[in-house]
Every structure is written in structure tokens, then in C-alpha cells.
Amino acid sequence: MIQEVYSDTIHYDIDIISKIICAQSHIGSDKKEINKITTDSRQWDNDSTSLFFALNTQNDDGHNYIKSAYNQGVRNFVVEKLDCKIPNANFLLVKDVLTSLQNLAVFHREKFNIPIIGITGSGGKTTVKEWLYQILKERFNTVISPNSYNSQTGVPLSIWEIKHNHKLGVFEAGISNIGEMEKLEKIISPTIGIFTNIGDKHSENFTCIEQKIHEKLKLFKNSKTVIVPFDDKLILNEILKSNIKRESLLTWGYNKGADLQILKLNKLKNSSNVFLNFRGSNYKIILPFKDDFSIENAIQVLLTSLYLGIDLNYLKEKFAQLSISKMRLEQFRAKQNCIVINDNYTLDFHSFKIALNKLNNFPKKKKTLIISDIHIQGNQKVVYENIFSLIDSCSLHRIFTIGKNIDKYTHLFNGSIMNFKNTKSFLEWVKDDSFSDEVILLKGDRSFNLKKISKVLEDKKHNTILEINLSSLVQNLDLYRSFLKKETKVMAMVKAFSYGSGSYEIAQALQFHRIDYLAVAYVDEGISLRNNGITTPILVLNPEYNSYKALIEHDLEPEIYTFDAWKKIAQIIRRHSNKAPYPIHLKLDTGMHRLGFESKDINKICEYINDYKELKIKSVFSHLAESDKLNSDFTEKQINLFKDLSDRIQKVVKYPIIKHILNSSGIINYPSAHFDMVRLGIGLYGVSNELDIRNKSSNVFNLNTVISQIKNIKKNETIGYNRSFLAKKNIRIATLPIGYADGINTHLSNGKGYVIINNKKAEIVGRICMDMMMVDISDIQCYQGDSVEIFGQNISISEIAEKLNTISYEVLTSISTRVKRVYVYD
């Protein structure tokens, strides 16, 4: 049966679900009630009411994690093959798990007769969705898709979150292939559509831009109203060819004829005055930003809100409070060895669940939650009951609540809670030593400005920030995994502070996404990872003899490339017999001529394998000298020699050993040599010598700073040390708080390098100083405090490396540790 609870969750019975998805039922448990669906066995709130869909993807197989989900309490599974070894569980056998997940979502969606907004486009989907939520949540009890859940898997998971107390839904839809949008349209079934814009992103599987637009428009097949940019003739032309009726369109733009026309735009220092005409009436609205992309996103939100009948005076007030701060979860190191997870741009039940899951995945450290009131229309008691039920299921060290409303419901929690009436009172209480060795989740509604708490907890106040996008890192991992067989393992290189990005944070993200191996350069790096809860196998590439004991104590696995090292590690293991047989990795020199046993050593290697039984050969590997060159005869010789030597070693060893020789470039250029494992380094960070891979990769790093001061320089005046720059005309310059002590190479001085300010190039003028540099902003409208891109979305690391006649590795590893690292999740 389906039990309908009009204040909260719909509870499905497993037998009904079996009929909905046309499954063959294998019932072995009386735990049949379902109110949660999941595709991730790592979700901390998985329990007997969860239905686990064992998705079989290109890179992984969900059937491998059924036992893990079962151990968490899950008793209901949708599978394509049966695992009869698991007792007391219910299995629904289907032909295709993903199709079944989507069909269940379609059924669930059909139960609700409420306005549903479906958003697609090449950019701005998440921003428009989040801003709609901010504007509309006090007028409608609104459900939105979490984060960027806009895929074939993410959309059905999002739709499942619709409850009977919701009055409005807002969902994203993203596609990368023909045929995908038709499936998403059935699931979302939007009554209102928004087409944000069109661009080149994710275009590789479409023959032309028109085909891509045509496919995206399929989302609005049955929509009553579709909001589109009037000035984009490509989109309008494709609409005319489609089945979308002209009278269903609601348009916005600068040109005459748009339903919402932008008459004039006055950009000020930190805001914009927008003068509009909507259906014959003129309006003025103030937006707290000035970049064109944000303004266009805001106009689409405004038009949607007007269509829904929201009062303009209310909208003016709300739009003045919009923020273009990045709508994603951030993570950074804080005072007293703490880590802060900062997610304070919005607060609703589903975003809270995602953030709490992130907190719960941190090993070892104490976990602390700081949470504000929730501003939501509808039954707050139900929402807070769900919130505190989630909190109650976690092992939290401390909880701080901020706000008057949430304090009314703290009795719903079994543990102790400290409440503050507002952010100001919390800031008056907090001291430098109030938190120590904790992971702190900041989760709050934007109106509480928890950013102030974040600033107080920060360890480094430097305005220069290296932003590392962990979502992009994982996308790059999946990209390289797509070139491999499912059984091929991946070792991620996290040496040298993970190429300057931060070893622990990167290792934690990779461990969560089931990386097979990690590799560090030295034992100290491996110990640090172990002390921070990293349990993934770790290879140490350059272990020193005096560190072998510590290496063994922390279960780190050494690279062995000399017979002397082989003997010494064996002697230590003999004194620690409980560790035997201890894993070691043999390095072979096949032509790199750096480290490793040579081919002449092969007979002695085989003797040592037989003589030192306290050691286990975990892997045999080598290193290519020119993997970035296609069809290299030298590389083929290396691969053939490696295959010959490793095969001879395998014959002596009576158990399987892992063989690996390829790095990031080699994975792409020499697929026949993938062997048992590959080593992924710089490719994780979106850097590649192969243009096609570079275009498909996601940017991980953004190095940003701000303008410290602006000066007017007269003709014939000089700038910087040694007066190396002479102004040939009157110019305007900005001084930036970043220099060679932060990792900016001085060879970029005097016009060789540039930065991006407000989407325009600003050349470096004068010599780069230790802590500062100057740039020419004569043709750029900007102000003190404006953001400056050193590298990232517009300036690639590869471009900088090319200017310096060096490699990307050097550019990345040069970024000083005094530069604050912030880790973000989209």
C-alpha cells in the first residue's frame, strides 16, 4: 500500500514499488516500508526504510556495494542480478536499474498537482534555481533539487523529495547526449519552463548548436509557460520549429518586443539600477551586483516571480538582498587545528542533509554543528522534527543554534544544545580557543550572515585564495576512469602537498570516491594522512631507511628500488612478525634512468623474492620517459621491457601482483598498457597535454586576489623596482596583494603576464614584488576590493607554464602555503 501523510513523507510498500517498476520480487524480509531512495551505500542515514538502487555505471557497479548498504541496515534493493548470499532482505530484480529508478520517480511525480518549474540551459541553472528559492520560499513551501542534481540519476532522486506539504517545485535538467531530455521531461513534467541561455558547454555529443537547443527544448513539451531570452535568435528560431506554442512564451531581453524589456542599465560601484518595462508598465529594481551574467539570471527570476503573481514591492526588497556569493559548500582550515565546512547560503531540509552527510564523513575529528533558524513557509514543527531527527542520528560533539525559532524546538534533541538569539551574540561569546581539533559545519539561512562566524574562525586572513573545486576533481577522476576497464585500479598521486592543493583534503575526497591507492613522496606525508583518518592503501615513493619503522607502524607501503633497501625492510619486518607478509612495491628502470632495478637484476630479484618470504610483492611498476608523445618507439620499448620483466617476476610469485606503468598522459596515449592499475596525477586537476582531454576536463584551481589600491600614473612616470616600467601615456594601475613569495614567477613581469579583472585582461606592469604586483587597468571599470583572477576559468595553468617555458607541475607546486586554500563542492 501507499500511506499518504499530508504533512510530510509518503511511505511506499515494497510490493507496490515492485509493480510500479515491473520487477520480479524476491522477498526475504518483513521490512517493507520505504520512504527513502538511495544509490550511495556511504549515506550515513541509510536504514531499513531505504531502497538501494544498485546502479551499473560506466565506471562502477552498485552491486559491489550491496553488502555495505546491508550492514548499514538497508533491507530493500533494486538489482539486475541476485546475490542470494544475503539473508533477510528484499530484492527487486529488473532489466535496468536506472530505468527503474526513473520510472519510480515518474510515478511519484504524478501524485502532485502543483506548479513545477523546470530549468535548463548551458549556464546559470543552479543560480536561477537557488535565487527562485530565496525569493519564493516565504510565499510557497518550495522543494528544489539539491546542489546540481540535474542528471539522469540526480533528477529522479530530486523528484522523490516532493512531499504533500509542498506547494511549488524547482528542478534543474542537464543533458550531454541526444535522447536524455525526453526521459527527464517525463520525470520533472514542468508546468513552467526556463531556458537560461545556450553555449558550448557539454556540446561534444551534438552535431551543432541548433541540435543542442532542439534537445533541451524537449523539457518544455507539455509546459504551460516557457520563459526564454528574447534577444537570443538561435533559441527563438528553434522554438518556432518545435511543438512549443508561441502563446506559451514569456520573454525577457533588451530589444523591443520582449514581455519584460530592459530599458536601461546603470552600473554603480557595487550595484546596478535596472529600468524595466513589463506589459506596458515601467519599473525600477536595484540589484546588489553589476556583472552581466548575474543581472541576466536575476531578470529571469524576476519574470518568473511576476508570472507567479508575487507583489513587486516584495520583490524589490528581496532582490536587494540577493548575493552572488558562490552557492556551494566550502571547506577550509581554521584556528586551533579545526576544519570549517561553510554552507551558509541557504538552509532547507535537503541541503542540510547533504551538508550533514559531508560532516559525518570526516574521520577521527570531533564534529560540531552551528545551525540557524529556518525561514520557510508552512509547518515549521514538522521541518524541525526532521532536522533534529537527522542530528540525533549523528555522533556530534557539540551543537550551537542561532535564532529564536529554532530554540523552541531544541527539546526534540536528546543531547545538549547551546542557543544564541542571533549571530551577534554568538560572536560576542566565541574566543580564539572556543574550538579545537574539531570539524565545524556552519549551516544557516543567508539572513543570519554566518559568514561573519566563518571569518572569525579562519586561520589565514590573506585576501589571496587558492580555490580547489573538489567536485571538478572527482569529475576528472571519472573522466579518466571512463577510459579504463572496470577492473583496472587507479592510484592517485597526492605527493608534494597534492601538487600544491593540500594533501589531506584531496585524499579525503578521493577516498570517499573509492580510489584504489594513494601515492606520496615521503613517509611524513603518509603519516599525516593516516593521522587524519585516511585508510586507503598508501604507496611511499621515496622512503628513507631511517623512516622504515614509522612507515610500518602506520601501514604505509614502500617503493623498493635497491637490494639494500629490500634487505633492510625485511630485517625490520622480522622483528615485527605480526606485520608479515608486508607489502612492498618493486620499481623497475625501463629507460627513465632515475630510480629502479635494471633488467640485469632480474635473476637476483627472483632470488630475493624466494629468500625474503616476510615481504609480499604488492605491485611491480615503472615510469615512462615520454608518455605525452604519441606513437613513441622509445615508449613502446619501455612498455615491452616492462611486460617482459614483470611477467618473469609474476612466474616466481605464487599470487597475483599489480602491474602499472602509465601516468595521466600515458592513460590516454597508450591504452594497451593500462595493465592492472594506472597512476593519475596532474590529470586529476584538469591539466593535460592532449587538447581533447583538456577540453573535456573540469577546471579544479582558481587563484584569486583583490585590488588593494588604484593609482593614476602620468606619462613618463615609472612603476616598481629598478623603474623597469616607463608609462608611455597616462595610465591607471591597480596594486594586488600577491607576489613572488606567494608563488608568482617574476618572469611574468612587465607585460609578459596578465590577470583578469571584470572579464578583461590587465597586463602586469613593473617588476613583481615579494608581496605585491601592479597591473594596468586603464581600460577596465573596477574599484578597490574587486576580485582578480590570477589563474582559473579564463587563464589556464598550461598557458602560464608555456609563457614561462616550464611545466604545469612547477606552476602549481610553487603556490606558497601562506596562500589560503578553500575547498568547494558544487
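1. Let's start with the overall layout. The chain splits into five parts: domain 1 (12–96), domain 2 (112–321), domain 3 (333–459), domain 4 (467–696) and domain 5 (701–824). Keep in mind that this is a predicted model. For a sense of scale, the C-alpha centres of domain 2 and domain 4 are 47 Å apart.

2. Now the five-stranded sheet. This sheet is open, its pairing is mixed, and its strands come in the order 3-8-7-6-5. Strand 3 (24–26) and strand 5 (36–38) are the edges; each has a single partner strand, so one side of each has no neighbour in the sheet. From one strand to the next, the twist averages 20 degrees.

3. Inside that sheet, have a look at strand 7 (residues 76–79) and strand 8 (residues 90–93). The two run parallel and are joined by four bridges. If you want a residue pair to click on, Asn-76 has Asn-90 in strand 8 as its bridge partner. Helix 3 (residues 97–109) packs on this sheet and touches strand 5, strand 6 (50–53) and strand 7. The direction of helix 3 makes about 140 degrees with that of strand 6.

4. Helix 3 has another partner as well. Its axis comes within 7 Å of the axis of helix 6 (residues 180–188), and the two cross at roughly 35 degrees. On the helix 3 side the contact involves Gln-102, Ala-105, Val-106 and Arg-109, which meet Lys-183, Lys-186, Ile-187 and Ile-188 of helix 6. Sorted by class, that contact holds four nonpolar residues, one polar residue and three charged ones.

5. On to the nine-stranded sheet. Here the order is 10-11-9-12-13-14-15-16-17, again in an open sheet with mixed pairing. Strand 10 (142–144) and strand 17 (281–287) sit at the edges, and each pairs on one side only. The twist from strand to strand averages 20 degrees. Within the sheet, strand 14 (residues 249–253) and strand 15 (residues 260–267) run parallel and are joined by two bridges. Gly-253 is the residue standing opposite Gln-261 of strand 15.

6. The second largest pocket deserves a paragraph of its own. It holds about 1,000 Å³ of space. Of its 39 lining residues, His-623, Asn-663, Ile-682, Ile-807 and Tyr-809 are the closest to the centre. Where does this pocket lie? Both domain 4 (467–696) and domain 5 (701–824) give residues to its lining, so the pocket lies between them.

7. As for what builds the wall of that pocket, several elements supply at least two lining residues each: helix 17 (495–500), helix 24 (664–669), strand 32 (677–680), helix 26 (797–803) and helix 27 (808–813). The lining is a mix of 17 nonpolar, 13 polar and nine charged residues.

8. Closed spaces next. Searching the whole structure turns up two cavities of 30 Å³ or more. The largest cavity has a volume of about 80 Å³. Its lining consists of Ala-334, Lys-335, Gln-336, Cys-338, Val-430, Lys-431, Asp-432, Ser-434, Phe-435, Ile-440, Val-456 and Leu-457. By class, this lining has seven nonpolar, two polar and three charged residues.

9. Finally, two backbone spots to check by eye. Most residues other than glycine have a negative phi, and most peptide bonds are trans. Against that background, Asp-437 has a positive phi, near 50 degrees. Asp-437 is found in the loop between helix 14 (423–429) and strand 23 (438–443). The other spot is the peptide bond joining Ala-580 and Pro-581, which is cis with omega at about -10 degrees. Pro-581 belongs to the loop between helix 21 (563–575) and strand 29 (582–587).

Definitions and conventions:
Residues are numbered from 1 along each chain as its sequence is written. This is a predicted model: local features need pLDDT of at least 70, side-chain atom pairs count only at pLDDT 80 or more; totals for chains, interfaces and linings use all residues. Side-chain values use heavy atoms; hydrogens and water are left out. Two strands pair if DSSP finds at least two bridges between them. Axes are lines fitted to C-alpha atoms, for helices over the stretch in contact, and angles run from 0 to 180 degrees between N-to-C directions. Contact means heavy atoms within 4.5 Å. On a 1 Å grid over the protein atoms alone, a cavity is a set of points where a 1.4 Å probe fits but cannot get out, and a pocket is an open set with protein on both sides within 12 Å along at least five of seven lines; lining residues have an atom within 4 Å of a point. Grid points are joined across faces, edges and corners, and a volume is the space filled by probe spheres set on the points. Ala, Val, Leu, Ile, Met, Phe, Trp, Tyr, Cys and Pro count as nonpolar, Asp, Glu, Lys and Arg as charged, and the others, Gly among them, as polar. Domain bounds come from an automatic or database domain assignment.
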